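Here are some worked exercises to go through with the model open beside you. Try each task on your own before you read its solution.

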Amino acid sequence: MRVLEPDNRQGTARINGPLQLQQVRDGLATRRLGTNLHYFAEIDSTNAYARRLAEQGAGEGAVIIAEAQTRGRGRLGRSWVSPPFVNLYFSVILRPRLPPVHAPQLTLMAAVALADTIASFIGTPPAIKWPNDILVGGKKLAGVLTESSCDAERIEFVILGIGVNLNYPVALMPEVIRERATSIVTLTKNNISREAFVRRLIQDLDRCYGELEEVGFDSLALRWEAFFGLRGKGVRVEMTDHIMIGTAKGIDRDGALIVEDDRGERQRIVAGDVFPLED
Amino acid sequence: MELTEDDVLHILKLIDESKFDYFQLEVGELKITVSKGDPIPLASSPRSAPVSQSPGAAVVEAPKATPAAPAPQSAAPNIDAKAAAEGLLPITAPILGTFYVAPEPGAPPFVQVGAAITEDTTVGLIEVMKVFNSVRANVKGTVTQVVAQNGQFVEYGQTLFLVKP
């Protein structure tokens, strides 16, 4: 596996080596998240490790970061591209005091926080693809995958998993994904400090999570919609058993996507993949 | 104007006998939509396959999974009555969403008929808005029936499994 050569344009920032946890901790200002940082050179999956920790009673706010994931793969066995020292593979344990029906709001909250963090590094707001992917120029820069354990009454824990392409030039990505992915270094022409990115991400997640619990979802939903690139545009929603064509109208208070078909009927979409109609 | 149940049945009969494939009627707050062709997607029924169990999803779109079998619309309506009559305990859906019997396509199911389970056994996954929620048994015993099918959209409280305590 190819590891990129160091880029000296970032001055003293350590680039393309192992993540320096102390640099992440330095200046980290949060209420709950990032109190414990777990770092691995390689792990099966940060979400799987976080789940094991949570099942053993780990407290809220623990963050798991790995340089490489051996089981970062799709459901049909397609391997994820997971080179070390260039990207971010990150999971955090939450124990929200929210009813289970509101668990999906955490995914959208995380997407807003991630979009805020990315915007601060690339200088322009990225787009959120409902409900959980971050795109720039129609190409995937980051994603959120949420796992939870709950019963009918309460959420026991939630694992927010986040993957971001940071210092991984598109030109070095496998051909099969090159057309569909992008990275911060490709967008900005500069490697960034991964430590600064992680610190900022933890802080943005901490802030947005606190807002969700204390104020509710409404203001986060407005900010989510500000990042939503497809509002008012034609979309194709691919579901297991059919495809819907319509106009994206935004999200409702539960985070469901509202799509209006050509008859003027509005549908709540709670599962499916959404694409711009011109795709 | 109010519509009685007989009125609605009469309307359905007229539509069924007509040449129209699609019919929509709004009377005040009451709204009736009838289709003889493709099913009309219900507000809570759209569903998709899960994409990944790993957050390392930043650079690759996962291929879509196909449910192992077509999803029936709902469990048999008398399943709960059957369970009660036979002394069986239901495991129900804690949230609405798409139900999966296995952690990923091709993997063995979490549990099968005859499996001994405890309260903490994970028996399935329900996905809604890319949140994958583990379904815990919350009962102890032996699985006697897998009621919901892989890929089926389930409602809150819908019976997924029956368990003999």
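## Exercise 1: Unusual backbone in loops

Phe85(A) lies in the loop that links strand E2 (63-66) and strand E3 (88-94) of chain A; helices (H or I, at least four residues) and strands (E, at least two) are DSSP runs, numbered from the N terminus. Before going on, note that this is a predicted model, in which local features need pLDDT of at least 70, side-chain atom pairs count only at pLDDT 80 or more, and totals for chains, interfaces and linings use all residues. Residues are numbered from 1 along each chain as its sequence is written, chains are lettered from A and ligands numbered from 1 in the order in which they are written, and side-chain values use heavy atoms, with hydrogens and water left out.

**Task.** Describe the backbone and the exposure of Phe85(A) and Lys189(A), then examine the peptide bond from Trp130(A) to Pro131(A).

**Solution.**

1. Start with the background: most residues other than glycine have a negative phi, and most peptide bonds are trans.
2. Phe85(A) has a positive phi, near 70°, and is not a glycine. Its relative accessible area of 21% makes Phe85(A) partly exposed (buried means under 20% relative accessible area, exposed over 50%, partly exposed in between, with a 1.4 Å probe and protein chains only).
3. Lys189(A), also not a glycine, has a positive phi of about 70°. Look for Lys189(A) in the loop between helix H5 (184-188) and helix H6 (194-214) of chain A. Lys189(A) counts as exposed, at 57% relative accessibility.
4. The bond from Trp130(A) to Pro131(A) is cis, with omega near -5°. Pro131(A) sits in the loop between strand E4 (127-129) and strand E5 (133-136) of chain A.

## Exercise 2: The five-stranded sheet of chain A

**Task.** In what order do the 5 strands of the open sheet in chain A lie, and which strands are at its edges?

**Solution.**

1. Set the criterion: two strands pair if DSSP finds at least two bridges between them.
2. The order is E11-E10-E9-E8-E12, with antiparallel pairing. Strand E11 (266-269) and strand E12 (273-276) are the edge strands, each pairing on one side only. On average, neighbouring strands are turned by 45° against each other, direction ignored (axes are lines fitted to C-alpha atoms, for helices over the stretch in contact, and angles run from 0 to 180 degrees between N-to-C directions).
3. Take strand E8 (residues 234-238) of chain A, where 4 of 5 residues are buried. E8(A) is antiparallel to E9(A), with 5 bridges between them, and a hairpin of 4 residues joins the two. On the E12(A) side, E8(A) has 4 bridges, again antiparallel; there Val235(A) stands opposite Pro276(A).
4. Follow Thr247(A) across the sheet. Thr247(A) in E9(A) is the bridge partner of Gly234(A), and Thr247(A) also stands opposite Glu260(A) in E10(A). Strand E9 (residues 243-251) and strand E10 (residues 257-260) of chain A pair antiparallel over 4 bridges.

## Exercise 3: Chain A as a whole

**Task.** How many helices and strands does chain A have, and how does its radius of gyration compare with the globule rule?

**Solution.**

1. Chain A has 7 helices and 12 strands.
2. Its radius of gyration is 19 Å, close to the 19 Å that the globule rule gives for 279 residues, so chain A is as compact as a globular protein of that length. The radius is taken over C-alpha atoms, and the rule is 2.2 Å times the number of residues to the power 0.38.
3. Along the principal axes, the C-alpha atoms fill a box of roughly 60 × 40 × 35 Å.
4. Of the 279 residues, 58% count as buried.
5. Among contacts in chain A with a separation of 6 or more, 64% come from residues 24 or more positions apart (contact means heavy atoms within 4.5 Å).

## Exercise 4: Chain B and confidence

**Task.** Which strands form the edges of the open sheet in chain B, and where does pLDDT stay under 50?

**Solution.**

1. The sheet has 4 strands in the order E3-E10-E8-E5, paired antiparallel. Its edges are strand E3 (89-92) and strand E5 (116-117) of chain B.
2. E5(B) is joined to strand E8 (residues 141-146) of chain B by 2 bridges, and Ile117(B) stands opposite Gly141(B).
3. Chain B has an average pLDDT of 72, and 61% of its residues score at least 70 (pLDDT is the predictor's confidence in each residue, from 0 to 100).
4. The value stays under 50 over residues 37-75 of chain B, for which the model has 134 contacts beyond four places in sequence. Where pLDDT is low, the predicted coordinates should not be read in detail.
5. For the complex, the predictor gives an ipTM of 0.84 and a pTM of 0.78.
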